[in-house]
Amino acid sequence: MSLLLGANTVAAVASIGFALVGGVRPAALSESGTPTAGERFYGWMYATRGVPLGVAALVAPLAWPGPAGSLILCAAAAAQVGDAVIGVVTRKWTMIAGAALLTAVHAATAVATM
C-alpha cells in the first residue's frame with residue numbers, strides 16, 4: 001500500500017508540474033516556437049484544472065481514505081484519460097504514455113484506499 005501511495009504522490013506532483021508548465025510556458029508542451037494567444041489561453045485553462053486536481057489527488061488518499069478520497073482519485077484518473085485521448089488524436093506518444101500511466105496509478109490508488 002505504501003508503494004502505491006508513493007507512486008500516487010509522484011503521479012500527482014508530475015501532473016501539477018506539467019499543469020504549471022502549461023500555464024507558464026505553453027510552447028514547451030505544444031512544441032511550437034512562439035506560443036499564440038490561443039496557446040497561452042489554453043495553457044492557463046489547463047493549469048487552472050490541473051493544479052487543483054493534482055493537489056486533490058495528492059492529498060485525498062491521506063486526508064480522506066475511503067469513498068471520498070477514492071472519488072477524488074477517480075476524477076483525477078478521468079482527467080488523465082481525457083489527456084490520453086487528446087494525445088491519441090494529436091499523435092503525441094509521450095502524452096499518451098504519461099497520461100495512461102497516471103490514469104492507472106490514480107485508479108489503482110482509488111481502489112486500494114476504498
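The largest cavity is lined by Ser 15, Tyr 46, Arg 49, Gly 50, Leu 53, Gly 54, Ala 57, Ala 76, Ala 79, Gln 80, Asp 83 and His 106. The structure is a predicted model. A search of the whole structure returned one cavity of 30 Å³ or more. The space inside the largest cavity amounts to about 70 Å³. Two helices, α3 and α4, each contribute at least two residues to its lining. Helix α3 gives the largest share, with six residues. Sorted by class, the cavity lining holds five nonpolar, five polar and two charged residues.

An open space was examined next. The largest pocket encloses about 770 Å³. Its lining is made up of 25 residues, and those closest to the centre are Phe 18, Leu 29, Tyr 46, Asp 83 and Met 95. Five elements give two or more residues each to this lining: α1 (2-24), α2 (26-30), α3 (37-63), α4 (67-90) and α5 (93-112). The class count for the pocket is twelve nonpolar, eight polar and five charged residues. Tyr 46 and Asp 83 are among the residues closest to the pocket centre, and Tyr 46 and Asp 83 also line the largest cavity.

Charge pairing was then considered. Side chains of opposite charge can pair when their charged atoms come close. One salt bridge was found in the whole structure. Its partners are Arg 49 and Asp 83, with 3.2 Å between the closest N and O atoms. Arg 49 belongs to helix α3 and Asp 83 to helix α4, so the bridge ties together parts 34 residues apart in sequence. Arg 49 and Asp 83 both appear in the lining of the largest cavity. How do the partners stand in accessibility, buried or partly exposed? Arg 49 counts as partly exposed because its relative accessibility is 30%, a value between the limits of 20% and 50%. Asp 83 has a relative accessibility of 9% and therefore counts as buried, since buried means under 20%.

The surface also carries a nonpolar patch. Phe 18, Val 21 and Leu 29 form this patch, and together they have about 240 Å² of accessible area. Val 21 sits in helix α1. With a relative accessible area of 34%, Val 21 is partly exposed. The other two patch members, Phe 18 and Leu 29, are among the residues closest to the centre of the largest pocket.

Key: Residues are numbered from 1 along each chain as its sequence is written. This is a predicted model: local features need pLDDT of at least 70, side-chain atom pairs count only at pLDDT 80 or more; totals for chains, interfaces and linings use all residues. Side-chain values use heavy atoms; hydrogens and water are left out. On a 1 Å grid over the protein atoms alone, a cavity is a set of points where a 1.4 Å probe fits but cannot get out, and a pocket is an open set with protein on both sides within 12 Å along at least five of seven lines; lining residues have an atom within 4 Å of a point. Grid points are joined across faces, edges and corners, and a volume is the space filled by probe spheres set on the points. Helices (H or I, at least four residues) and strands (E, at least two) are DSSP runs, numbered from the N terminus. Ala, Val, Leu, Ile, Met, Phe, Trp, Tyr, Cys and Pro count as nonpolar, Asp, Glu, Lys and Arg as charged, and the others, Gly among them, as polar. A salt bridge is a side-chain nitrogen of Lys or Arg within 4 Å of a carboxyl oxygen of Asp or Glu. Buried means under 20% relative accessible area, exposed over 50%, partly exposed in between (1.4 Å probe, protein chains only). Patches are made of residues with over 30% relative accessible area and no salt bridge: like charges are joined within 9 Å, nonpolar side chains (Val, Leu, Ile, Met, Phe, Trp, Tyr) within 5 Å. Accessible areas come from the Shrake-Rupley method with a 1.4 Å probe; for residues, only the protein chains shown count as cover.
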